[in-house]
Amino acid sequence: MVARADELREEVRRRYAESARTVSDGGCGSGGCCDDSQASAVGSARFGEVLYDAEQRGELPDAAVLASLGCGNPVAVADLNEGETVLDLGSGGGIDVILSAKRVGPTGTAYGLDMTDEMLALAQKNAAEAGVKNVHFLKGIMEQIPLPANSVDVVISNCVINLSVDKPAVLSEIARVLKPGGRVGVSDVVAEDRLSPEERAERGSYVGCIAGALSQSEYVAGLEAAGFDDVSVTFTHEVADGMHGAIVKAIKARDSEQTGLPVIQPAASAGCC
Ligand SMILES: C[S@@+](CC[C@H](N)C(=O)[O-])C[C@H]1O[C@@H](n2cnc3c(N)ncnc32)[C@H](O)[C@@H]1O
């Protein structure tokens with residue numbers, strides 16, 4: 001079971017390393033990402049740069065826009081404030097880290113976490129080109145976030161949690177690193193409750209962000225089990241039959257330190273690149 005999970009994670013890593021290389025070589029990342037080709041069977045697939053408005057795209061280097069592989073626009077929903085600390089899980093080519101860094105300003109910090117070396121290199125190049133200094137890209141997995149407990153104001157992520165082989169661990173880790181009262185503003189692919197895991201897998205691949213998607217009620221239950229309040233999972237656009245781009249929001253309870261949320265120590269091997 002663990003071996004299968006490791007294999008699946010390695011398959012995901014290989015897939016996104018290839019996307020990063022394509023963009024670095026001057027190609028377009030969106031076609032080969034969260035799998036538009038399969039989802040477009042319903043004619044309404046929407047992934048990548050089209051989910052950002054012209055003003056946001058104007059703030060970014062071309063390569064960051066081309067590398068966009070998301071299924072939403074978490075910066076638009078996270079309501080970031082000057083001075084805040086933001087963490088983007090699965091930061092890819094860095095699009096949401098760069099936009100977040102600009103929103104939180106020089107007194108704030110934007111962290112991007114990714115497990116794929118090629119994506120981290122691309123993101124660092126894009127951040128340098130965008131001229132943002134308040135960014136840090138971390139190498140590691142979102143199931144073991146290499147940051148201390150209670151250190152982050154906002155966790156964002158764009159079309160990545162569906163790729164995790166251990167979603168309860170990701171949700172516990174988000175709860176651990178958020179400060180009490182901290183918030184989640186995530187975009188992800190989410191299935192309607194009527195679809196079984198097998199039916200989700202019929203609609204697209206795991207690495208294409210479809211087969212591993214949680215259902216709406218699984219997402220809500222998972223966040224509540226991890227100790228979050230005010231949980232909502234709202235569909236925004238259909239990406240395959242019964243599968244949607246969605247906005248996921250939640251707040252870490254202010255008294256969570258007293259109520260004893262699960263604490264998972266970050267991996268010793270995960271480092272800053
Ligand atoms: C679909 S892409 C999304 C990238 C970016 N968020 C965007 O919107 O363009 C998924 C990214 O998540 C990373 N990733 C997938 N699983 C991960 C994990 N378990 N831990 C850390 N990063 C992961 C991949 O390397 C890839 O860069």
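1. Let's start with the overall picture: of the 273 residues in the protein chain, 55% count as buried. Buried here is under 20% relative accessible area, exposed is over 50%, and partly exposed is in between, using a 1.4 Å probe on protein chains only. Keep in mind that this is a predicted model, where local features need pLDDT of at least 70, side-chain atom pairs count only at pLDDT 80 or more, and totals for chains, interfaces and linings use all residues. Numbering runs from 1 along each chain as its sequence is written, and side-chain values use heavy atoms, with hydrogens and water left out.

2. On secondary structure, the protein chain comes to 11 helices and nine strands. These are DSSP runs numbered from the N terminus, with helices being H or I of at least four residues and strands E of at least two. As for contacts (heavy atoms within 4.5 Å), residues 24 or more positions apart account for 73% of those with a separation of 6 or more in the protein chain.

3. Now to the ligand. Which residues sit closest to the ligand? They are Leu69, Gly90, Asp114, Thr116 and Met142, out of 23 that surround the ligand; a residue counts as near when one of its heavy atoms lies within 4 Å. Asp114 puts a polar side-chain atom 2.6 Å from a ligand oxygen. The backbone joins in too: a backbone N or O atom of Leu69 lies 2.8 Å from an oxygen atom of the ligand, and for Gly70 the corresponding distance is 3.4 Å. The cut-off for a polar contact is a pair of N or O atoms within 3.5 Å; within protein, one must be able to donate a hydrogen and the other to accept it, and residues adjacent in sequence count only if both atoms are side-chain atoms.

4. Next, the enclosed space. The count comes to one cavity of 30 Å³ or more, and the largest cavity has a volume of about 410 Å³. The search uses a 1 Å grid over the protein atoms alone: a cavity is a set of points where a 1.4 Å probe fits but cannot get out, a pocket is an open set with protein on both sides within 12 Å along at least five of seven lines, and lining residues have an atom within 4 Å of a point. Points are joined across faces, edges and corners, and a volume is the space filled by probe spheres set on them.

5. Who lines that cavity? There are 32 lining residues, with Gly90, Gly92, Asp114, Val160 and Leu163 nearest the centre. Helix H1 gives the largest share, three residues. By class the lining has 16 nonpolar, 11 polar and five charged residues. For the classes, Ala, Val, Leu, Ile, Met, Phe, Trp, Tyr, Cys and Pro are nonpolar, Asp, Glu, Lys and Arg are charged, and the others, Gly among them, are polar.

6. The largest pocket holds about 400 Å³ of space. Its lining has 22 residues, and Ser164, Val165, Asp166, Lys167 and Tyr206 lie nearest the centre. Helices H1 (2–24), H8 (167–177), H9 (197–202) and H10 (216–225) each supply at least two of the lining residues. The class split is 13 nonpolar, four polar and five charged.

7. Helix H8 is worth a look: it is mostly covered, with 10 of its 11 residues buried. The buried set includes Lys167, Glu173 and Arg176. Ala169, also in H8, counts as buried because its relative accessibility is 12%.

8. Asn126 lies in helix H7 (residues 117–130) and counts as buried because its relative accessibility is 1%. A polar atom of the Asn126 side chain lies 2.9 Å from the backbone oxygen of Gly93. Leaving out residues up to four places away in sequence, Asn126 touches Pro61, Ala63, Ala64, Gly93 and Ile98.

9. Two backbone angles to check by eye. Cys159 has phi near 70°, a positive value in a residue other than glycine; Cys159 lies in the loop between strand E4 (152–158) and H8 and is buried at 2% relative accessible area. Asp230 has phi near 50°, again positive and not glycine. Asp230 sits in strand E7 (residues 228–240) and counts as exposed at 61% relative accessibility.
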